[in-house]
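Notebook open, coffee at hand. I want to go through this one from the overall layout to single side chains, and jot down what I look up as I go.

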Amino acid sequence: MRIIMTPVGSSGDVNPFVTIGRALRARGHTVILIAPEPFAPVVTGAGLEFVSNWSAGDFDRMTRHPDLWHPVRGLRLILRAAAGQLRQNYALI
């Protein structure tokens, strides 16, 4: 079976999916993980297939954005970014 995983966010979001993906791969499944480019080494190092949905530059700009950790503006920033990626993510899937 081919399984496509699409975590959104940072290491705290991607790493659990990598762990689950490794377990699925050990059971004989093909696992493809769609995530931002900086996570490619982690994903491929776990023996999973990797597809990038954000460039390293875009990910870096988001993680350095001054509003990211603001209690209200941070959530808005993340939701806008996620919504802006929906069509591309659907196409990748």
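**Layout.** I counted the elements and got four helices and three strands in the chain. Reading along the sequence, I wrote the pattern down as β-α-β-α-β-α-α. A reminder to myself: this is a predicted model.

I looked up the overall numbers next. The C-alpha atoms fill a box of roughly 40 × 25 × 20 Å along the principal axes. Of the 93 residues in the chain, 31% are buried. I get about 6,100 Å² for the accessible surface, with 58% of that belonging to carbon and sulfur atoms. I also checked how far contacts reach along the sequence: among those with a separation of 6 or more, 42% are between residues 24 or more positions apart.

**Core.** Which residues have the most contacts inside the largest nonpolar core? I find Val18, Leu33, Val43 and Leu48, in a core of 20 residues. I then listed the elements that give two or more residues to this core: strand 1 (2-5), helix 1 (11-26), strand 2 (30-36), helix 2 (40-45), strand 3 (49-54), helix 3 (56-64) and helix 4.

I picked Leu33 for a contact list. Setting aside residues up to four places away in sequence, Leu33 touches Met5, Pro7, Val14, Phe17, Val18, Val43, Leu48, Glu49, Phe50 and Val51. So the other three residues named for their core contacts, Val18, Val43 and Leu48, are among the partners of Leu33.

**An asparagine pair.** Asn53 sits in strand 3, and Asn89 in helix 4. Buried or exposed, I wondered about Asn53? Asn53 is buried, because its relative accessible area is 10% and the limit is under 20%. Asn89 comes out at 16%, so Asn89 is buried as well.

What joins the side chains of Asn89 and Asn53? I find a polar contact of 3.2 Å. Leaving out neighbours within four places in sequence, Asn89 is in contact with Ile34 and Asn53. For Asn53, with residues up to four places away left out, I noted Ile34, Ala35, Pro36, Gln85, Gln88, Asn89 and Leu92. Ile34 therefore turns up in the contacts of Asn89 and of Asn53, while Asn53 itself is buried.

**Salt bridges.** How many salt bridges does the count come to? Three. Side chains of opposite charge can pair when their charged atoms come close.

I went through them one by one:

- Arg61 pairs with Asp58, with the closest N and O atoms 2.4 Å apart. Both lie in helix 3, three residues apart, about one turn of the helix. Arg61 is exposed at 53% relative accessible area, whereas Asp58 is partly exposed at 36%.
- Asp60 and Arg64 meet at 2.7 Å, N to O. These two also lie in helix 3, four residues apart, about one turn of the helix. Asp60 is partly exposed at 33%, and Arg64 is exposed at 64%.
- Arg73 forms a salt bridge with Asp67, the closest N and O atoms being 3.1 Å apart. Arg73 is partly exposed at 39%, and Asp67 is partly exposed at 22%.

**Surface patch and the C-terminal end.** Which residues make the nonpolar surface patch of about 410 Å²? I noted Ile4, Leu86, Tyr90 and Ile93. Tyr90 lies in helix 4 (residues 73-92) and is exposed, with a relative accessible area of 60%.

Ile93 I looked at a bit longer. Where does Ile93 lie? Ile93 is in the segment after helix 4, and is exposed at 54% relative accessible area. Leaving aside neighbours within four places in sequence, Ile93 is in contact with Ile4, Thr6 and Ile34. Ile4 is thus a contact of Ile93 and shares the patch with Ile93, which is exposed because 54% is over 50%.

Last entry, a distance. From C-alpha to C-alpha, Ile93 and Val51 are 9.7 Å apart in space, with their positions 42 residues apart in sequence.

Methods
Residues are numbered from 1 along each chain as its sequence is written. This is a predicted model: local features need pLDDT of at least 70, side-chain atom pairs count only at pLDDT 80 or more; totals for chains, interfaces and linings use all residues. Side-chain values use heavy atoms; hydrogens and water are left out. Patches are made of residues with over 30% relative accessible area and no salt bridge: like charges are joined within 9 Å, nonpolar side chains (Val, Leu, Ile, Met, Phe, Trp, Tyr) within 5 Å. Accessible areas come from the Shrake-Rupley method with a 1.4 Å probe; for residues, only the protein chains shown count as cover. A salt bridge is a side-chain nitrogen of Lys or Arg within 4 Å of a carboxyl oxygen of Asp or Glu. Buried means under 20% relative accessible area, exposed over 50%, partly exposed in between (1.4 Å probe, protein chains only). A nonpolar core is a set of buried Ala, Val, Leu, Ile, Met, Phe, Trp, Tyr and Cys residues joined through side-chain atoms within 4.5 Å. Contact means heavy atoms within 4.5 Å. A polar contact is a pair of N or O atoms within 3.5 Å; within protein, one must be able to donate a hydrogen and the other to accept it, and residues adjacent in sequence count only if both atoms are side-chain atoms.
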